[in-house]
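Please walk through the structure shown here, beginning with an unusual backbone position and moving outward to the fold and its pockets.

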Amino acid sequence: DLYNNSNNNNIQIYNDILQIPDSILSFFRLQVGNLTAIADLYKRESQLNSNFVNFHIVIIPGNPGLCALYKYFIDHLFQLLQTKISITAISHAGHGASELNNNTSFTLNFQVDHKIQYLEHILQRNPNTKFILIGHSIGSWIIMNMIAKKKELPIIGCYYLFPVFRNLSTGLPLVVKIACRTGFRHLFSLFIHYCPQKIKQLLLSLPNTFDNYQKQILTTNLKYNVAFNILDMACQEYYQVNEVSNFCRSTIEAKIPQLFLYGRTDKYTPLKYMNDLQSDYPNELYQHITINLAPEGIEHAFVINSSELVAEIIANEINKQFKLN
């Protein structure tokens with residue numbers, strides 16, 4: 001368990017070790033002994049000296065955990081918050097910087113500890129930091145486990161977008177379940193790796209949902225190791241995310257303001273899950289919890305074509321909670 005080794009002298013954390021000139025994409029490396037995990041970061045840093053200078057929004061993505069796919073969401077949210085709060089999205093270990101991770105695969109629990117270490121790294125640079133965490137899909141489960149394992153983290157708000165933290169297996173499409181099987185993971189990842197770029201772009205054009213930027217991000221990053229880690233993580237989610245765990249319950253019951261945003265036609269988080277959550281945590285007893293339903297037409301993978309709408313929802317909630325205006 002990475003977290004239990006957090007005092008090990010072999011752990012080294014580097015930020016911006018491979019900074020790209022004139023870019024807001026950078027990398028975060030966590031080294032534990034001989035195991036190195038390198039993740040992409042997508043940042044928008046506030047240059048304002050406001051009352052919110054110590055606030056930092058950290059976004060934990062879903063699966064695939066490519067932070068660049070959240071660019072439109074982050075850019076719009078940053079502007080809606082009047083550039084007063086810095087925002088960082090961190091990819092999952094193994095889901096980005098594929099050529100730097102040496103074909104390493106990472107467990108779902110490692111992803112939890114990896115994000116804890118990143119928050120601790122930010123705190124080393126600025127001990128006064130207060131975190132607002134936004135989790136999408138399985139990112140919500142990761143946040144709940146982060147808080148349960150590291151209660152002293154200075155987290156002042158959590159926003160769960162189409163949150164996956166129970167019974168994921170019921171929503172996984174059959175093709176994903178097949179692709180997640182051990183032998184198929186390998187074969188499918190090899191196909192993705194050796195598939196020519198033009199064919200990848202053609203396949204991504206068939207749903208007619210991805211724009212050119214998103215196609216470029218996917219075709220550039222989907223190599224063998226990234227594809228294998230994405231499928232391997234989905235397989236682990238299938239087996240680990242069942243009934244609501246005690247870790248998740250302890251976080252939900254913690255007195256941290258939390259927003260749950262559900263979709264109207266989301267197969268991964270059906271409305272029954274929202275209704276059960278409302279029943280288990282009635283507002284009159286758990287006033288720190290807000291449970292909302294997204295407008296019609298916003299899908300689970302909102303980053304494809306609903307980034308601005310979801311950013312507006314979250315910006316309104318953050319403004320309401322922290323009174324930025």
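Phe162 has a relative accessibility of 0%, and because buried means under 20% relative accessible area, this residue counts as buried. The model is a predicted one, and in it the phi of Phe162 is near 50°, a positive value in a residue that is not glycine. Phe162 belongs to the loop between β7 and α4, and that loop also holds Asn167, whose phi is likewise positive, at about 40°, although Asn167 is not a glycine either. With a relative accessible area of 15%, Asn167 is also under the 20% limit and is therefore buried.

The side chain of Phe162 leads on to the aromatic residues, since ring pairs link Phe162 with Tyr70, Phe73 and Phe302 into a cluster. One member of this cluster, Phe73, is among the buried residues of helix α1 (residues 71–80), which are Phe73, Ile74, Asp75, Leu77 and Phe78. Just after α1 the backbone takes another positive phi, of about 60°, at Gln82. In the loop between β4 and α1 lies Pro64, and the peptide bond that leads from Asn63 to Pro64 is cis, with an omega near 10°.

How many aromatic pairs does the count come to? The count comes to twelve aromatic pairs, and two of them may be taken in turn. A pair of aromatic rings is described by the distance of the centres and the angle of the planes. For Tyr160 and Phe260 the ring centres are 4.7 Å apart and the planes stand at 50°, so this pair is tilted. Tyr160 is in strand β7 (residues 155–161) and Phe260 in strand β8 (residues 258–262), and the pair thus links distant parts of the chain, 100 residues apart. Tyr160 and Phe260 are both buried.

The pair formed by Tyr224 and Phe228 is stacked, with 5.9 Å from centre to centre and 20° between the planes. Tyr224 and Phe228 are four residues apart in helix α8, and so about one helical turn separates them. Phe228 has a relative accessibility of 18%, and because the limit for buried is under 20%, Phe228 still counts as buried.

Helix α8 also leads to the pockets, as the largest share of the lining of the largest pocket, five residues, comes from α8. About 1600 Å³ of space lies in this largest pocket. Which residues lie nearest the centre of the largest pocket? Of the 42 residues that line the pocket, those nearest its centre are Asn63, Pro64, Val176, Phe210 and Tyr268, and Asn63 and Pro64 are the two residues joined by the cis peptide bond described above. At least two residues of the lining are supplied by each of α4 (174–179), α5 (182–194), α6 (197–205), α7 (212–221) and α8 (224–240). Sorted by class, the lining of the largest pocket consists of 27 nonpolar, ten polar and five charged residues.

The second largest pocket holds about 310 Å³ of space, and of the 17 residues that line it, Glu45, His56, Ser86, Ile122 and Arg125 are the closest to its centre. Two or more residues of this lining come from each of β4 (55–60), β5 (86–90) and α2 (108–125), and α2 gives the most, with four residues. By class, the lining of the second largest pocket has four nonpolar, ten polar and three charged residues.

These local features can finally be placed within the whole protein, which has eleven helices and nine strands. Of its 325 residues, 54% count as buried. Among contacts between residues at least 6 apart in sequence, 77% join residues that are at least 24 apart, and the pair of Tyr160 and Phe260, 100 residues apart, links distant parts of the chain. The accessible surface of the protein comes to about 14800 Å², and 52% of this area belongs to carbon and sulfur atoms.

Note on methods. Residues are numbered from 1 along each chain as its sequence is written. This is a predicted model: local features need pLDDT of at least 70, side-chain atom pairs count only at pLDDT 80 or more; totals for chains, interfaces and linings use all residues. Side-chain values use heavy atoms; hydrogens and water are left out. Buried means under 20% relative accessible area, exposed over 50%, partly exposed in between (1.4 Å probe, protein chains only). Contact means heavy atoms within 4.5 Å. Accessible areas come from the Shrake-Rupley method with a 1.4 Å probe; for residues, only the protein chains shown count as cover. On a 1 Å grid over the protein atoms alone, a cavity is a set of points where a 1.4 Å probe fits but cannot get out, and a pocket is an open set with protein on both sides within 12 Å along at least five of seven lines; lining residues have an atom within 4 Å of a point. Grid points are joined across faces, edges and corners, and a volume is the space filled by probe spheres set on the points. Ala, Val, Leu, Ile, Met, Phe, Trp, Tyr, Cys and Pro count as nonpolar, Asp, Glu, Lys and Arg as charged, and the others, Gly among them, as polar. Rings of Phe, Tyr and Trp (its six-membered ring) pair if their centres lie within 6.5 Å; planes under 30 degrees apart count as stacked, over 60 as edge-to-face and the rest as tilted.
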